[in-house]
Amino acid sequence: MRSVQGKNVLITGGAMGLGRLFAERAIAEGAAAVVLWDVNELALNDTLADLADGPVAVTGYIVDLGDRAAIDATAADVLDDVGHIDVLINNAGIVRGNNYFWECDPVRDTQATIDVNTLAPMFVAHAFLPGMISAPGETRLLNLASAAGFTPNPRMAVYAASKWAVIGWSDSVRLELKQSGAEHVKVTTVCPYYINTGMFDGAKSAPLLPILDPEEVVEEAWEGMLAGSPFVVLPKTVMLSEVLKGVVPIGVRDFIADHVIGVYHTMEDFVGRSDKGDAGAGGSGGSGKSGAKGGARSARSRKDA
Ligand SMILES: NC(=O)c1ccc[n+]([C@@H]2O[C@H](COP(=O)([O-])OP(=O)(O)OC[C@H]3O[C@@H](n4cnc5c(N)ncnc54)[C@H](O)[C@@H]3O)[C@@H](O)[C@H]2O)c1
């Protein structure tokens, strides 16, 4: 695929951060339709106000990805509204820090993180992947994992677990598509280190791992997605951890990660988003109230549809 020109693109977590940049890129390439999902109604409406002026149809749906029923209802509306999705970007994610695992709340922290980061991309893919497989042209699934899915790291145990699972799922689906002959559907798993979007505010850079610019991550992820690359790992130093896993005893790997690469204390001063961009996530919110006229919409009641 050379660009998303003429394609229908759906981006979860499209109101801010990487999601908004992915939307800008899809618009710049002349997508037929850009569909943004987000739980943050205010931020989504701001983004729509900025992006929906041009020739590309940009629509927003207020949906809590922690709520499977809301995912299913919103997906049904999207299929009614735009017909099919060619490019699915599973981008939304949350992090709860900076406590040790046993200090986290089992529901507000642990369950919410797994629901939004791990299960939601699977449920969203369940809704759209069959259509992408039966589509005549090239289609793409881009899943945002994290370097934390390769490297264990104190004070983000559940986040690491959630992304570890995404990597295993995403890359297995890539193989399944290939094995089943659906080679026009390519899956790209993106695994960046900390990015300067606000999500990980307070996290420290490590000497060999500078904090990344969102524009750089989106550029690399986008190019990887168009090319159908299985993985985009940023920076490449992250792969050192994978190599070390295979060749050195775990104590040596821990020493290198802690004292040479310097990763194991990076979350100590984490504060996260001051604007709490994922407020409402966690499985009980459902889809939110409709936005201003012309703004983001909620899932329609299927009984009324
Ligand atoms: N920022 C980083 O350092 C970093 C590093 C590696 C991977 N990632 C991953 O990249 C992706 C994007 O991160 P980002 O930095 O742009 O984050 P961000 O916080 O800037 O944006 C995330 C978006 O997801 C939305 N969202 C959160 N919970 C939601 C829910 N329950 N339902 C619907 N929408 C919800 C938020 O409202 C927000 O618009 C995430 O999956 C994240 O885990 C981020």
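1. Start with where α1 meets α6. On the α1 side the contact residues are G17, L18, L21, F22 and R25, and their counterparts in α6 are P214, E215, V217, V218 and W222. Sorted by class, seven residues of this contact are nonpolar, two are charged and one is polar. Bear in mind that this is a predicted model.

2. Now the geometry of that pair. Helix α1 covers residues 17–28 and helix α6 covers residues 214–227; their axes sit 10 Å apart and make an angle of about 55°. Angles between 35 and 65 degrees fall in the oblique class, so α1 and α6 are oblique to each other. As for hand, α1 and α6 make a right-handed crossing.

3. On to the sheet. It is open and has seven strands, which pair in parallel fashion in the order β3-β2-β1-β4-β5-β6-β7. At the edges you'll find β3 (57–62) and β7 (231–234), each with pairing on one side only. From one strand to the next, the twist averages 15°.

4. Which residue of β5 is the bridge partner of N90? That would be N143. More broadly, β4 (residues 87–90) and β5 (residues 139–144) run parallel and are joined by four bridges. As a general reminder, strands in a sheet pair through backbone hydrogen bonds, in either a parallel or an antiparallel way.

5. One more helix to look at while you have the sheet in view: α5, residues 157–179, lies across β5 and β6 (185–192). Its direction is at about 160° to β6, and an angle over 145 degrees counts as roughly antiparallel.

Notes:
Residues numbered from 1 in each chain as written. Predicted model: local features only at pLDDT ≥ 70, side-chain atom pairs only at ≥ 80, totals over all residues. Pairing = 2+ DSSP bridges. Helix = DSSP H or I, 4+ residues; strand = E, 2+ residues; numbered from the N terminus. Axes fitted to C-alpha atoms, helices over the stretch in contact; angles between N-to-C directions. Contact = placed C-beta atoms within 7 Å. Parallel < 35°, antiparallel > 145°, perpendicular 65-115°, else oblique. Left-handed = near helix turned anticlockwise from the far one by under 90°. Nonpolar A, V, L, I, M, F, W, Y, C, P; charged D, E, K, R; others polar.
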